[in-house]
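Welcome, and please take a moment to look over the molecule shown here. The report after it is written for someone meeting this structure for the first time.

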Amino acid sequence: MFSGESIFMATYTCAAPQSEIVFSSSFPGSIAALELTPGREYICQKSAFLCSQPTVTLSATMTRSVFSGMFGGEGFVMQKLSGQGMAFLEIDGSLVEYNLAPGQVLKVDTGNVACFEST
């Protein structure tokens, strides 16, 4: 609840062959698909979580410094995804995914960071 989600979540189970579920963003934007593996955690902007397989754990996490919490654009509480399986994030606006090489630095306006690996 502190990370922007409801304390209640719906669970959907396929009860018939050839069933389908469709989900959408609540605001014009993008949906990002993440494949989580054990030991690989993601830190996401508040309210980014859309849905996941039941093997994915959603929890709240705090920013590491007072400065980034106050001036970082996302606040002190963010969402952490861990476990194994597929998770989907709701990103307001367009989405650009960028993989940094070891030691590479990219400067980004903090209010525009949607998600990053916890490492």
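What follows is a short tour, from the overall picture to single residues.

## About the model

This is a predicted model, in which local features need a pLDDT of at least 70, side-chain atom pairs count only at pLDDT 80 or more, and totals for chains, interfaces and linings use all residues. Residues are numbered from 1 along each chain as its sequence is written, and side-chain values use heavy atoms, with hydrogens and water left out.

## The overall picture

Let us start with the secondary structure, which comes to one helix and seven strands. Helices (H or I, at least four residues) and strands (E, at least two) are DSSP runs, numbered from the N terminus. Read from the N terminus on, the elements follow the order β-β-β-β-α-β-β-β.

The protein has 119 residues, and 24% of them count as buried. Here buried means under 20% relative accessible area, exposed means over 50%, and partly exposed lies in between (1.4 Å probe, protein chains only). The accessible surface comes to about 8600 Å², with 58% of it belonging to carbon and sulfur atoms. Such areas come from the Shrake-Rupley method with a 1.4 Å probe, and for residues only the protein chains shown count as cover.

Contacts (heavy atoms within 4.5 Å) tell us about the fold too. Among the contacts with a separation of 6 or more, 77% are between residues 24 or more positions apart.

## The four-stranded sheet

One open sheet has four strands in the order S4-S5-S2-S7, with antiparallel pairing. Two strands pair if DSSP finds at least two bridges between them. Strand S4 (56-62) and strand S7 (115-117) are at the edges with a single partner strand each, so one side of each has no neighbour in the sheet. On average, neighbouring strands of this sheet are turned by 30 degrees against each other, direction ignored. For these angles, axes are lines fitted to C-alpha atoms, for helices over the stretch in contact, and angles run from 0 to 180 degrees between N-to-C directions.

To follow one pairing by eye, look at S4 and strand S5 (residues 77-83), which are joined in the antiparallel sense over seven bridges. Ser-59 is a good place to begin, as this residue stands opposite Lys-80 in S5.

## The three-stranded sheet

Another open sheet is built from three strands in the order S1-S6-S3, again with antiparallel pairing. Its edges are S1 and strand S3 (49-52), each with a single partner strand, so one side of each is left without a neighbour in the sheet. Neighbouring strands here are turned by 20 degrees against each other on average, direction ignored.

S3 and strand S6 (residues 85-92) run antiparallel and are joined by three bridges. Across from Cys-51 you will find Phe-88 in S6.

Gly-29 is also worth a visit; this glycine is found in strand S1 and is partly exposed at 44% relative accessibility. Gly-29 and Asp-92 are 63 residues apart in sequence, yet their C-alpha atoms are 4.4 Å apart in space. Leaving aside neighbours within four places in sequence, Gly-29 is in contact with Ile-91, Asp-92 and Gly-93.

## A salt bridge

How many salt bridges does the structure hold? There is one salt bridge, a term that stands for a side-chain nitrogen of Lys or Arg within 4 Å of a carboxyl oxygen of Asp or Glu. Its partners are Arg-40 and Glu-117, whose closest N and O atoms are 3.2 Å apart. The pair links distant parts of the chain, 77 residues apart: Arg-40 is in the loop between S1 and strand S2 (42-44), and Glu-117 is in strand S7. Arg-40 is partly exposed, with a relative accessible area of 33%, and Glu-117 is partly exposed at 34%.

## Surface patch and backbone details

Which residues form a nonpolar patch on the surface? They are Tyr-12, Ile-21, Phe-23 and Ile-31, with about 420 Å² of accessible area together. Patches are made of residues with over 30% relative accessible area and no salt bridge, where like charges are joined within 9 Å and nonpolar side chains (Val, Leu, Ile, Met, Phe, Trp, Tyr) within 5 Å. Of this group, Ile-21 lies in the segment before strand S1 (29-36).

Most residues other than glycine have a negative phi. Gln-18, however, has a positive phi near 65 degrees; this residue is in the segment before S1 and is exposed at 82% relative accessibility. Ser-47 has a positive phi of about 70 degrees, although it is not a glycine. Ser-47 lies in the loop between S2 and S3 and is partly exposed, with a relative accessible area of 35%.
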